[in-house]
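Trainee: Got a minute to go through a model with me? I'd like to start with the aromatic rings.

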Amino acid sequence: MSQQTAAGGGAEREFVVLLDEAHEPVGVADKALVHTEDTPLHLAFSCYVLGPDGRVLLTRRALGKTTWPGVWTNSCCGHPAPDESMEEAVRRRVRQELGIELTEVTEALPDFRYRAVSAEGIVENEFCPVFWARTEDTPAPDADEVAEFTWAAWPDVAALAERTPWVISPWAAEQIPRLNAAR
């Protein structure tokens, strides 16, 4: 199940999986309430989508996002719901956020973990496996999530992360060099 209905109001609420330091599940929390100045460690994922020509999809976060608004980043991030496989979560979130279907999903960095504090003081504290994916589709992003997108050659993306890591999200700045080393 990717979402659960809140009691009484019928509104959809998303839940994230809370983790201990060994990255084992210890509970769940409402996604809308978990990201604070003292965010507990929880499960997430990052995905880099490759198009038919091999270029990678980069997205610019919507200006209304609570953290890192307007910042360029990987293709898509998200949180698997309780009892949802990572691949199901990646496919679901990419479909919701980017309006595309994936033809392939491959785990690239199974042990990536990061912690970052936004200018607003919100902490990201995630065990966040990183995936490569492929699509044949043209993105039709959700404007509440993505301000704009571009396709870029991987060497250009790697150079961006190496030369100017401050212009991309902190997770992408850490992930891209690791992905590049693993290629």
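Trainee: So how many aromatic pairs does the count come to?

Mentor: The count comes to six aromatic pairs. Rings of Phe, Tyr and Trp (its six-membered ring) pair if their centres lie within 6.5 Å; planes under 30 degrees apart count as stacked, over 60 as edge-to-face and the rest as tilted. One of them is Tyr 48 with Trp 154, an edge-to-face pair at 6.3 Å centre to centre with 85° between the planes. This is a predicted model, where local features need pLDDT of at least 70 and side-chain atom pairs count only at pLDDT 80 or more, while totals for chains, interfaces and linings use all residues. Residues are numbered from 1 along each chain as its sequence is written, and side-chain values use heavy atoms, with hydrogens and water left out.

Trainee: Where do Tyr 48 and Trp 154 lie in the chain?

Mentor: Tyr 48 is in strand β6 (residues 45-50) and Trp 154 in helix α3 (residues 154-163), 106 residues apart. Helices (H or I, at least four residues) and strands (E, at least two) are DSSP runs, numbered from the N terminus.

Trainee: Are Tyr 48 and Trp 154 buried or exposed?

Mentor: Both Tyr 48 and Trp 154 are buried; that means under 20% relative accessible area, with exposed over 50% and partly exposed in between (1.4 Å probe, protein chains only). For Trp 154 the relative accessible area is 6%. Trp 154 also forms an edge-to-face pair with Trp 132, at 5.1 Å centre to centre and 70° between the planes. Trp 132 sits in strand β13 (residues 130-134), so this pair ties α3 to a part 22 residues apart in sequence.

Trainee: Switching to helices: at what angle do α3 and α4 pack?

Mentor: The angle is about 130°, and their axes are 9 Å apart. Axes are lines fitted to C-alpha atoms, for helices over the stretch in contact, and angles run from 0 to 180 degrees between N-to-C directions. The two helices are therefore oblique to each other (angles under 35 degrees count as roughly parallel, over 145 as roughly antiparallel, 65 to 115 as roughly perpendicular and the rest as oblique).

Trainee: And which residues make that contact?

Mentor: Trp 154, Val 157, Ala 158 and Ala 161 come from α3, and Ile 176, Pro 177, Leu 179 and Asn 180 from α4. Contact means heavy atoms within 4.5 Å.

Trainee: Which residues of α4 are buried?

Mentor: Among them are Trp 171, Ile 176 and Leu 179. Trp 171 also belongs to an aromatic cluster with Trp 68, Phe 112 and Tyr 114.
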